[in-house]
Amino acid sequence: MNEPESRRHLLKVTGLRAAAGGKEIIHGVDFEVHGGEVHVVMGPNGSGKSTLAHALMGRPGTTVTAGSVTLDGVELLELASWQRARAGLFLALQQPIEVPGVGLEAVMAEALDRPGDDRARGDDLGDRLRAEAAAIGFDERFLHRALNVDLSGGERKRNEMVQLGVLRPPFCVLDEIDSGLDVDALGAVARRLEQATRQWGLGVLAVTHFHRLLVELRADVVHVLVAGHIVATGGPELAEELEHTGYGAYAAS
Ligand SMILES: Nc1ncnc2c1ncn2[C@@H]1O[C@H](COP(=O)(O)OP(=O)(O)OP(=O)(O)O)[C@@H](O)[C@H]1O
Ligand SMILES: [Mg+2]
């Protein structure tokens, strides 16, 4: 967080309501993530965490019915998913999709191909991919496979971290980051994200049930989502409290 406050990026969610399957699930949430911060969303099963992530991502099947989501003042809700990614919101899915016939390097070159950005050029991109793969323990041989095809769950997550390191977006949203990862992979992913907050001021919004991850991520802010409402926001101590008390105290709110 070396950048002056005024230059840090801002992801601002205001009055967001979202529906899936014809019913409202997110009933108006507000929060702000600044560049360099790690925010974690916790909450009981079925409380709307994935729906919130899907709404931010613009996933088909999730409809935003009210509110706004801006990245440095740009309204993301009017943009398609890929445009949101271009605007600087990196979305890590619970189940990253397979893209047969398309290699990682081609996807990265395409994503980086924009005026004034020379990171997609030639050997440089291959070097960066290899360096990022080494940093996260992702087998270099997988870099040449079609995107996510025949990769295990943990390998896909590492693959996403490679992409993140190459693209260096201002913000990253991760749903169920811990699902399907062994403890080494979890540690590697969490450390990479935490490092990125310092390296280029990445802002993170991660959904997790796992207290240990929150510690490794060095979460700055914890939001508790219950029945589609943010019922509490606090520091990491809030997650510790939840470890002991559960979500029962919030059930009536
Ligand atoms: N497409 C859909 N159609 C109908 N109901 C849906 C749909 N998507 C989600 N829901 C419902 O919305 C509620 C919130 O689901 P969501 O997946 O957001 O919960 P979650 O907090 O991510 O839970 P978990 O911790 O189990 O992952 C659940 O009751 C779920 O059944
Ligand atoms: Mg979920």
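Which residue in S4 is the bridge partner of Lys 12? In this predicted model, the partner is Thr 70, and the two strands concerned, S1 (residues 10-20) and S4 (residues 62-71), pair in the antiparallel sense over 8 bridges. The points below take up the two open sheets, a pair of helices and the residues around ligand 1.

**The sheet of 4 strands**
- This open sheet runs in the order S2-S1-S4-S5, and its pairing is antiparallel.
- Strand S2 (23-34) and strand S5 (74-75) are the edge strands, each of which pairs on one side only.

**The sheet of 6 strands**
- A further open sheet, of 6 strands, has the order S6-S9-S10-S3-S11-S12, and here the pairing is mixed.
- Because strand S6 (89-92) and strand S12 (229-234) each have a single partner strand, they stand at the edges, and one side of each is left without a neighbour in the sheet.
- From one strand to the next in this sheet, the twist averages 20°.
- Edge strand S12 pairs with strand S11 (residues 221-226) in the antiparallel sense, over 5 bridges, and within this pairing Val 224 stands opposite Ala 232 in S12.
- S11 and S12 also form a hairpin with 2 residues between them, and Ala 227, which lies in the turn, has a positive phi of about 50°.

**Helices H5 and H6**
- The axes of helix H5 (residues 153-167) and helix H6 (residues 183-199) come within 10 Å of each other and cross at roughly 15°.
- Since angles under 35 degrees count as roughly parallel, H5 and H6 are therefore roughly parallel to each other.
- The crossing in which H5 passes H6 is left-handed.
- On the H5 side, the contact is made by Gly 154, Lys 157, Arg 158, Met 161 and Leu 164, which meet Ala 185, Ala 188, Val 189, Arg 192 and Ala 196 in H6.
- Sorted by class, the residues of this contact of H5 with H6 divide into 6 nonpolar, 1 polar and 3 charged.

**The shell around ligand 1**
- The residues around ligand 1 are Ala 20, Gly 21 and Ile 25, together with Gly 43, Asn 45, Gly 46, Ser 47, Gly 48, Lys 49, Ser 50, Thr 51 and Gly 61.
- Helix H1 (residues 49-57) contributes the largest share of this shell, namely 3 residues.
- By class, the shell around ligand 1 holds 2 nonpolar, 9 polar and 1 charged residues.

Terms used
Residues numbered from 1 in each chain as written. Chains lettered and ligands numbered in written order. Predicted model: local features only at pLDDT ≥ 70, side-chain atom pairs only at ≥ 80, totals over all residues. Pairing = 2+ DSSP bridges. Axes fitted to C-alpha atoms, helices over the stretch in contact; angles between N-to-C directions. Parallel < 35°, antiparallel > 145°, perpendicular 65-115°, else oblique. Left-handed = near helix turned anticlockwise from the far one by under 90°. Contact = placed C-beta atoms within 7 Å. Nonpolar A, V, L, I, M, F, W, Y, C, P; charged D, E, K, R; others polar. Near = placed C-beta within 6 Å.
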